[in-house]
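Trainee: Can we go through this structure together, one point at a time?
Mentor: Yes. Ask, and I will reason each answer out.

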Amino acid sequence: MENTQSYEPSSDEALLEFASIDDGNNSVRFEDYRPTVNQTVAWLMEIEEALG
Amino acid sequence: MSDKKIKIYGSWLRDNYDYQETKSYLDSIHDENYPRFKSRVEHYEFLANDFIKFYKEKFPNLSGKISINYAAINGGLARYFNDVIHYKLWHPIIYINKARVISYSISWLTIYNPISISLTKSEYESLGKEERKFTLRANILFCLYVMRWYLNGFNFQNQQSIKFLYKRVSYLIQTNQFEPKNIAVAFEVAP
């Protein structure tokens, strides 16, 4: 019975918080990290080198 | 508080479970977060454009043959966001582990294959070894490129770990073991 109670949310506010979408930390917005052309080239070369 | 304050967590265990109430609540969450989804789609398209541009320059023979499947990008990301919503709705968590953010995204991309390459039999046979190699693993390379983009967002700079992840994730994809949990484990055991 104690285990069942532990699955109940502590409040409705907490429930709403669970439902909100954000990947990880609120300050992390992946869309802010647009790779430059040079970065893209470097990453793709890095991937090809690693895979062989 | 808004009228969306519906206590659905664990409600399916109760006798008076109302499916429609849960469904409308889920739909409202989808509506609220649609701008975030839309923004992520735009950035995936940006990444795909850069990816294609690089390989068109590298392999001029393929320049008219490679394209982006925009429906696949939308579909794959929609499935990812759907996962995230349910993940947070039914489990007492607030933030998602970065390994899972990447692994769930990649796993849907491997299913939806956003990079399309259209070649006839004779066109394929006329390609060189490197070009054939690329055509066969274009979507794997794209998945790894997207993974690298996410890692940069997390300020993950350990070069040794990144190389390990490239090999491990590509192995899991190629051997058809690309379930999110498997890829998340690869991140957890990275040096």
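The questions below go from the overall fold of one chain to its helix packing, its core and some single residues.

Trainee: What is the secondary structure of chain B, and in which pattern does it run?
Mentor: Keep in mind that this is a predicted model. Chain B comes to 8 helices and 2 strands. Read along the sequence, the pattern is α-α-β-α-α-β-α-α-α-α.

Trainee: What percentage of the contacts in chain B join residues 24 or more positions apart?
Mentor: Count the contacts in chain B with a separation of 6 or more. Within that set, the share from residues 24 or more positions apart is 73%.

Trainee: Are H4(B) and H6(B) roughly parallel or roughly antiparallel?
Mentor: H4 covers residues 98-112 of chain B and H6 covers residues 129-153. They pack at an angle of about 160°, with their axes 10 Å apart. Angles over 145 degrees count as roughly antiparallel. Therefore H4(B) and H6(B) are roughly antiparallel.

Trainee: How many charged residues are in the contact of H4(B) with H6(B)?
Mentor: From H4(B) come residues including B:Val101, B:Ile106 and B:Leu109; they meet a set in H6(B) that includes B:Cys143, B:Val146 and B:Met147. The contact divides into 8 nonpolar residues and 3 polar ones. The charged count is none.

Trainee: How is H4(B) set against H8(B)?
Mentor: Their axes are 8 Å apart and the angle is about 140°. Roughly antiparallel needs over 145 degrees, and roughly perpendicular ends at 115. The angle therefore makes H4(B) oblique to H8(B). As for the hand of the crossing, it is right-handed.

Trainee: How many charged residues are in the contact of H4(B) with H8(B)?
Mentor: Among the residues that meet here are B:Arg100 in H4(B) and B:Glu188 in H8(B). The contact also has 8 nonpolar and 2 polar residues. The charged count is 2.

Trainee: Which helix supplies the largest share of the largest nonpolar core?
Mentor: The core has 43 residues, and B:Phe142, B:Val146 and B:Val169 are among those that touch the most other members. Helix H3 of chain A supplies at least two residues of this core, as do several helices of chain B, including H2, H7 and H8. The largest share is 11 residues, and the helix is H6(B).

Trainee: Which residues does B:Val146 touch, leaving out those up to four places away in sequence?
Mentor: B:Val146 is one of the H6(B) residues that meet H4(B). Its list of contacts is B:Leu47, B:Ser105, B:Ile106 and B:Leu109.

Trainee: Is B:Phe37 buried or exposed?
Mentor: B:Phe37 is found in helix H2 of chain B. It touches B:Leu77, B:Ala78 and B:Phe81, leaving out residues up to four places away in sequence. Burial needs 20 or more C-beta neighbours. B:Phe37 has 18 inside 10 Å, so the class is partly exposed.

Trainee: What is the phi of B:Asn113?
Mentor: B:Asn113 is found in the loop between H4 and strand E2 of chain B. Most residues other than glycine have a negative phi. B:Asn113 is not a glycine, yet its phi is positive, near 50°.

Trainee: Is B:Asn176 buried or exposed?
Mentor: B:Asn176 lies in the loop between H7 and H8 of chain B. Its phi is also positive, about 60°. With 8 C-beta neighbours inside 10 Å, B:Asn176 counts as exposed.

How values were computed: Residues are numbered from 1 along each chain as its sequence is written. Chains are lettered from A and ligands numbered from 1 in the order in which they are written. This is a predicted model: local features need pLDDT of at least 70, side-chain atom pairs count only at pLDDT 80 or more; totals for chains, interfaces and linings use all residues. Axes are lines fitted to C-alpha atoms, for helices over the stretch in contact, and angles run from 0 to 180 degrees between N-to-C directions. Helices (H or I, at least four residues) and strands (E, at least two) are DSSP runs, numbered from the N terminus. Angles under 35 degrees count as roughly parallel, over 145 as roughly antiparallel, 65 to 115 as roughly perpendicular and the rest as oblique. Two residues are in contact if their C-beta atoms, placed from the backbone, lie within 7 Å. Ala, Val, Leu, Ile, Met, Phe, Trp, Tyr, Cys and Pro count as nonpolar, Asp, Glu, Lys and Arg as charged, and the others, Gly among them, as polar. A nonpolar core is a set of buried Ala, Val, Leu, Ile, Met, Phe, Trp, Tyr and Cys residues joined through C-beta atoms within 7 Å. A residue is buried if 20 or more other C-beta atoms lie within 10 Å of its own, exposed if 12 or fewer, and partly exposed in between; C-beta atoms are placed from the backbone. A crossing is left-handed if the near helix is turned anticlockwise from the far one by less than a right angle, and right-handed if clockwise.
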